[in-house]
Amino acid sequence: MSEELKQLRDQIDAIDNELLQLVSKRAGLAQQIGKIKKSGIVYRPEREAQILTRIQEHNPGPISNAHIRQLFTEIMSLCRALEKPMSVAYLGPSGTFSEEAALKRFGSAITSVACNSIDDVFHAVESDAANYGVVPVENSTEGAVGRTMDLLLQTPLTICGEIQLPVHQFLMAQQSGLSHIDKIYSHPQSLAQCHHWLKTNLPHIPNAAFINTASNADAARQAAADKHAAAVAGKRAAELFGLSICAENIEDDPKNTTRFLVIGKQVVSVSGKDKTSLILSTNNRSGAIYKLLEPLAHHGVSMSRLESRPSRTGLWQYVFFVDIEGHQEDANVAAALAELREKASFSKILGSYPAT
């Protein structure tokens, strides 16, 4: 070993020791904060969003902001666990995109609660079987997830955060070739996201042989038990069930992204870059939607999403899911919301939370 190489490695060892001391010091401070807090709430989305924004603004490189964010998310996860253990429910089993989204937001130092359905995720949080839940709400290719929207309307839970997860789909099977495959398992959303690729590259498989499953991880589990089957799922599912990758990134849209929501019971404070979600309804008459949303324009509040959904209270009755920029405590947003309540026949604020 050259003297120059030894000196560089000695410097790395010294820095590693310094990093260890600093991380331990940070963890000790987190423990002290946990003793001072009286609410028992250890997850503060607004505070963590501010930390991650500041860290990325001061990042000198060469490590990318994405990897810096991942690193500090894990550090905060470990420190959070020292304050108080935290559980997060998601659509399981292990290996789903929902689990990936949960780990992206909360880090690995959590107790994961895998649920069989989106309904079960909501129930786990409502019944305090989990502190928070992670549920999909919309996909850039396939649109809204109706069940999540229905439950947001029906339950008292609030939105505490959002996660934007780039979704890459993989075709996996016991063998890496395509010729042996005569059926494909996957969640219907994933099959739809890969429709063109599957029909182009596997034209011999009839429509009836595309089999819907409750989750992508369950699809991988079933494919692992059938040598003539394949699954469309995330890469982690292949690793968990010992499957070979037949093809990667088979989604029709390379920018395919799913938006997930963090649901819980807490009110999130202002972070500085926020989003507010609400549900509105109005009487079915000419110009009703225009008049209902007029306060947003009047107070300079930008709307980023408007989606209609049957209200399930009467024929052709709808509610509208709306996302706006800003926090409900911001002066202009608060003024707009006050006017909206007066105009709407029904209104429900789902929560304000840091925008991603």
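**Helix and sheet packing in the predicted model**

In this predicted model, helix α9, spanning residues 216-224, lies across three strands: β6, β7 (183-186) and β9 (229-233). Relative to β9, α9 runs at about 160 degrees.

Those three strands belong to an open sheet of five, laid out in the order β8-β7-β9-β6-β10. Pairing within the sheet is mixed. At the edges sit β8 (210-212) and β10 (244-248), each of which pairs on one side only. Going from one strand to the next, the twist averages 30 degrees.

One edge can be followed down to single residues. Strand β6 (residues 170-173) is joined to β10 by four bridges, and the two strands run antiparallel. Met172 takes part here, with Ile245 of β10 as its bridge partner.

Elsewhere in the chain, two helices pack against each other. Helix α3 covers residues 65-83 and helix α4 covers residues 97-106; their axes are 7 Å apart and meet at an angle of about 80 degrees. Since angles of 65 to 115 degrees count as roughly perpendicular, α3 and α4 are therefore roughly perpendicular to each other. On the α3 side, the contact is made by Thr73, Ser77 and Arg80, while α4 puts in Lys104, Arg105 and Phe106. Sorted by character, the residues of this α3 contact with α4 come out as three charged, two polar and one nonpolar.

Technical notes:
Residues numbered from 1 in each chain as written. Predicted model: local features only at pLDDT ≥ 70, side-chain atom pairs only at ≥ 80, totals over all residues. Heavy atoms only, no water. Axes fitted to C-alpha atoms, helices over the stretch in contact; angles between N-to-C directions. Parallel < 35°, antiparallel > 145°, perpendicular 65-115°, else oblique. Contact = heavy atoms within 4.5 Å. Nonpolar A, V, L, I, M, F, W, Y, C, P; charged D, E, K, R; others polar. Pairing = 2+ DSSP bridges.
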